Amino acid sequence: MDLCLRWLLVCLIGSLWGSGCRKPSTSDSTLRELHIAAAADLRYAFEELRTRFEAAHPGVRVKLSYGSSGQFFAQIRNGAPFDLYFSADADYPWRLVSEGLAVDTSFFLYAVGQLVVWVPSDSPLKLETWEEVAGPHVRRLAIANPQHAPYGRAAIAVLQALGLYERVRDRLVLGENIAQTAQFVASGAAEAGLIALSLALAPEMQVRGRYRPLPVDLYPPIAQGAVILSRARHRPEAWAFWRFVQTSEGRQVLTSFGFVMPDSMALWTGRPHG
């Protein structure tokens with residue numbers, strides 16, 4: 001029996017059993033999984049980037065973990081098995097490079113984050129003046145924990161610059177990361193919050209509330225950096241995603257979610273702490 005006849009017979013038997021004759025597909029066991037630790041402000045932008053990257057690389061599946069940049073830094077130092085690390089604070093990945101835990105040639109600034117005041121749609125705050133966040137309608141003001149999250153440190157800086165910190169310090173509710181901070185306000189656990197513009201622009205947040213950008217000259221630039229980790233299991237795929245984020249397509253996605261593209265290293269001193 002020649003090969004063509006054998007193939008037709010297989011198809012016929014398969015159709016009788018309901019499976020039909022399908023083209024061979026890539027087995028799940030052959031997919032390369034790329035594990036990425038990503039700052040919480042990247043949640044919506046990176047879901048879009050993942051979809052586009054996987055469409056162009058059908059043999060790769062991107063596994064994203066979102067959270068606090070500082071906590072990821074600690075986990076990576078303790079051996080967490082990530083391939084790439086996208087931090088909201090450029091200092092963390094640079095420190096990994098200096099400790100030999102990341103590929104030195106992979107360090108790059110991929111975005112600059114922006115801070116906004118966000119309130120629910122039914123809030124009495126009009127956000128016409130910054131004084132409103134320290135007014136009687138705000139019993140709890142949500143910010144990210146400054147010990148773990150750069151957005152938290154930026155929030156403290158801007159509140160101090162506006163002369164409001166001492167008035168609101170006892171009302172502060174700390175989220176472990178900027179996504180949890182946004183959830184505090186969206187759920188009603190706080191009346192207002194200082195969150196990332198990238199989260200305020202998410203469709204579900206736009207439906208539920210409104211925001212006003214804070215003056216960028218009142219807080220240090222939230223320069224965000226990334227690296228490929230030295231223990232990356234799938235190094236070629238890691239470099240492929242690294243390059244994709246820097247393409248015009250990748251940059252356009254980040255820009256659409258409110259990130260500013262870094263024009264120079266002047267945005268960040270590059271000096272590790274300690």
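Ser69 counts as buried, since its relative accessibility comes to 2%, and buried here means under 20%. That's a value from a predicted model, as is everything else below. Ser69 makes a handy starting point; after that come a buried loop residue, a pair of crossing helices and a few overall figures.

**Ser69 and its surroundings**
- You'll find Ser69 in helix H3, which covers residues 69–77.
- The side chain of Ser69 reaches over to the backbone nitrogen of Ala88, at 2.8 Å.
- Ala88 also turns up among the residues that Ser69 touches, once those up to four places away in sequence are set aside.
- That list also includes Ser87 and Asp89, along with Tyr85 and Tyr92.
- The rest of the list is Ala39, His148 and Pro150.

**Ala190, a buried loop residue**
- Ala190 sits in the loop that links helix H7 (178–186) with strand E8 (192–196).
- With a relative accessible area of 2%, Ala190 is buried, because the cut-off for that label is under 20%.
- Leaving out neighbours within four places in sequence, Ala190 is in contact with Phe184 and Val185, and also with Arg140 and Ala142.
- Val173 is 17 residues away from Ala190 along the chain, and the C-alpha atoms of the two are 7.4 Å apart.

**Where H2 and H10 cross**
- Helix H2 takes in residues 43–56 and helix H10 takes in residues 235–245; their axes come within 11 Å and cross at roughly 120°.
- H2 and H10 are therefore oblique to each other, as the angle falls outside the 65 to 115 range for roughly perpendicular and isn't over 145, the mark for roughly antiparallel.
- The crossing of H2 past H10 is right-handed.
- On the H2 side, the residues that meet H10 are Phe46, Leu49, Arg52 and Phe53.
- From H10, the partners are Glu237, Ala240, Phe241 and Phe244.
- Sorted by class, this contact has six nonpolar residues and two charged ones, with no polar residues.

**The protein overall**
- Stepping back, the protein has 274 residues, and 51% of them count as buried.
- Its secondary structure adds up to eleven helices and ten strands.
- Of the contacts with a separation of 6 or more, 76% are between residues 24 or more positions apart.

Note on methods: Residues are numbered from 1 along each chain as its sequence is written. This is a predicted model: local features need pLDDT of at least 70, side-chain atom pairs count only at pLDDT 80 or more; totals for chains, interfaces and linings use all residues. Side-chain values use heavy atoms; hydrogens and water are left out. Axes are lines fitted to C-alpha atoms, for helices over the stretch in contact, and angles run from 0 to 180 degrees between N-to-C directions. Helices (H or I, at least four residues) and strands (E, at least two) are DSSP runs, numbered from the N terminus. Angles under 35 degrees count as roughly parallel, over 145 as roughly antiparallel, 65 to 115 as roughly perpendicular and the rest as oblique. A crossing is left-handed if the near helix is turned anticlockwise from the far one by less than a right angle, and right-handed if clockwise. Contact means heavy atoms within 4.5 Å. Ala, Val, Leu, Ile, Met, Phe, Trp, Tyr, Cys and Pro count as nonpolar, Asp, Glu, Lys and Arg as charged, and the others, Gly among them, as polar. Buried means under 20% relative accessible area, exposed over 50%, partly exposed in between (1.4 Å probe, protein chains only). A polar contact is a pair of N or O atoms within 3.5 Å; within protein, one must be able to donate a hydrogen and the other to accept it, and residues adjacent in sequence count only if both atoms are side-chain atoms.
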